[in-house]
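Here is a friendly briefing to read alongside the structure. Take a look at the fold first, and then go through the notes topic by topic.

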Amino acid sequence: MFAIGTVPNIELAKTSGLICRRGVIVDDYLQTNDPNVFAIGEIAEFKGMLYGITAAAEQQAEIVAQYLNGAIAKYYTGSLLMNILKMHGTDLCSLGITECPDDPAYEEVVFIDKAKRYYKKCIIHNDRLVGAILIGDKNEFLEYRSLIESKTELSEKRLQLLRSGKTQEPVIGKLVCSCNNVGEGNLVNKINEGCKDHLQLCQLTGAGMGCGSCRPEVKQILEKTLDIKKEPSTSPQPQLV
Ligand SMILES: Cc1cc2nc3c(=O)[nH]c(=O)nc-3n(C[C@H](O)[C@H](O)[C@H](O)COP(=O)(O)OP(=O)(O)OC[C@H]3O[C@@H](n4cnc5c(N)ncnc54)[C@H](O)[C@@H]3O)c2cc1C
């Protein structure tokens, strides 16, 4: 299976005088050659890269919003490429570099369990995880994402990388996040345990931490559940098990 990317529609940008290659060329603040025009999302070309994921569009939007508010200390440095195949019964995801460069500074560590139909590949550079592919079980997606984004030195963690054998909490209720397999019940349970913050709820459960498209639904569930909890006399405590 090959994912070959997308080609943005840049005719309008071109005829407006914006400098384009495959996309609209932007600088560290997502600004085009016209200072009044910014480009984010799939149309923006940053240092030769076009990012076809919603997480990148969100990160870019944040930089532009901060810049327009006068905060120039934070600038865009690129996004981590990550893809999760959303096909029922098939776990497949990739993060960062997926092919080991032909360079001795990079190492490839592969684990295959044919009986369990499980494959895991990690690419390491200077003792830091820079890419991974998980097939058959994507439980470690969030951990790997955090290791790559934080550029954590692996040291003895390297041994755990391939052998963590973690099991995930089963999906409870209606599936909300198909990237990280989180159900409505998993969210409600965390809220009942005391979580009241949207971002914290995402971090605790993993919902919204993949492509991010379910974050509005997570927020709705949080607000609805907190509202119900405010009226204990009229509504029963929501419980999904
Ligand atoms: C089938 C599919 C599945 C995907 N799955 C995932 C996924 O699982 N995870 C993930 O991270 N990403 C996924 N993506 C990619 C993700 O949707 C895009 O990266 C993201 O939507 C890009 O946001 P954007 O704002 O740049 O562009 P868009 O979301 O495409 O928004 C562009 C908007 O501009 C409007 N527009 C276009 N031309 C004009 C015009 N001339 N005047 C006015 N309006 C105009 C369009 O109607 C559209 O609303 C998927 C994409 C597709 C197509």
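A polar contact of 3.5 Å links the side chain of Lys121 to that of Glu108. Before going further, please keep in mind that this is a predicted model. The notes start with the surroundings of Lys121, go on to the chain as a whole, and then turn to the ligand and a few other residues.

**Lys121 and its surroundings**

- Lys121 belongs to strand β7.
- Is Lys121 buried or exposed? Its relative accessible area is 6%, so Lys121 counts as buried, the limit being under 20%.
- Besides the contact with Glu108, a polar atom of the Lys121 side chain lies 2.8 Å from the backbone oxygen of Thr98.
- Setting aside neighbours within four places in sequence, Lys121 is in contact with Thr98, Glu99, Glu108, Val109, Val110, Gly131, Ala132 and Ile133.
- Two of these names, Thr98 and Glu108, have already come up as polar partners of the Lys121 side chain, Thr98 through its backbone oxygen and Glu108 through its side chain.

**The loop after β7**

- Strand β7 covers residues 118-125 and β8 covers residues 128-135, with Asn126 in the loop between them.
- Asp127 is also placed in the loop between β7 and β8.
- Most residues other than glycine have a negative phi.
- Asn126, although not a glycine, has a positive phi of about 50°.
- Asp127 is not a glycine either, and its phi is positive at about 65°.
- How does Asp127 rank in accessibility, and why? Its relative accessibility is 26%, which means that Asp127 is partly exposed, since that class runs between the limits of 20% and 50%.

**The chain as a whole**

- The protein chain contains seven helices and ten strands.
- Its C-alpha trace spans about 60 × 50 × 35 Å along the principal axes.
- Of the 241 residues in the protein chain, 37% are buried.
- The accessible surface of the protein chain is about 14,400 Å², and carbon and sulfur atoms account for 54% of that.
- If you take the contacts between residues at least 6 apart in sequence, 46% of them join residues at least 24 apart.
- The domain assignment splits the protein chain into domain 1 (11-68), domain 2 (82-161) and domain 3 (175-230).
- Between the C-alpha centres of domain 1 and domain 3 the distance is 31 Å.

**The ligand site**

- Which residues are around the ligand? They are Ile40, Gly41, Glu42, Gly52, Ile53, Thr54, Lys86 and Cys211.
- By class, this shell consists of three nonpolar, three polar and two charged residues.
- Lys86 places a polar side-chain atom 2.8 Å from an oxygen atom of the ligand.
- For Gly52, a backbone N or O atom lies 3.3 Å from an oxygen atom of the ligand.
- At Ile53, a polar backbone atom is 3.5 Å from an oxygen atom of the ligand.
- The ligand taken alone exposes 1,000 Å², and the protein buries 28% of that.

**Gly23 and Ile25**

- Gly23 sits in the loop between α1 (11-15) and β1 (24-26), while Ile25 is part of strand β1.
- Gly23 has a relative accessible area of 0%, so Gly23 is buried, which requires a value under 20%.
- Not counting residues up to four places away in sequence, Gly23 touches Pro8, Ile10, Ile43, Glu45 and Leu50.
- Ile25, leaving aside neighbours within four places in sequence, is in contact with Ile19, Cys20, Gln31, Thr32, Asn33 and Glu45.
- Glu45 is thus one of the residues that Gly23 touches and one of those in contact with Ile25.
- Gly23 and Leu147 are 124 residues apart along the chain, and their C-alpha atoms are separated by 30 Å.
- Ile25 and Ile72 are 47 residues apart along the chain, with 19 Å between their C-alpha atoms.

**Glu184 in helix α5**

- Glu184 is found in helix α5, which covers residues 184-192.
- The relative accessible area of Glu184 is 17%, and because this is under 20%, Glu184 counts as buried.
- The side chains of Glu184 and Lys224 are joined by a polar contact of 3.4 Å.

Key
Residues numbered from 1 in each chain as written. Predicted model: local features only at pLDDT ≥ 70, side-chain atom pairs only at ≥ 80, totals over all residues. Heavy atoms only, no water. Near = heavy atom within 4 Å. Polar contact = N/O pair within 3.5 Å; in protein donor to acceptor, adjacent residues only side chain to side chain. Areas by Shrake-Rupley, 256 points an atom, 1.4 Å probe, with all protein chains shown as cover. Nonpolar A, V, L, I, M, F, W, Y, C, P; charged D, E, K, R; others polar. Domains from an automatic or database assignment. Helix = DSSP H or I, 4+ residues; strand = E, 2+ residues; numbered from the N terminus. Buried < 20%, exposed > 50% of the residue type's maximum accessible area, 1.4 Å probe, protein only. Contact = heavy atoms within 4.5 Å.
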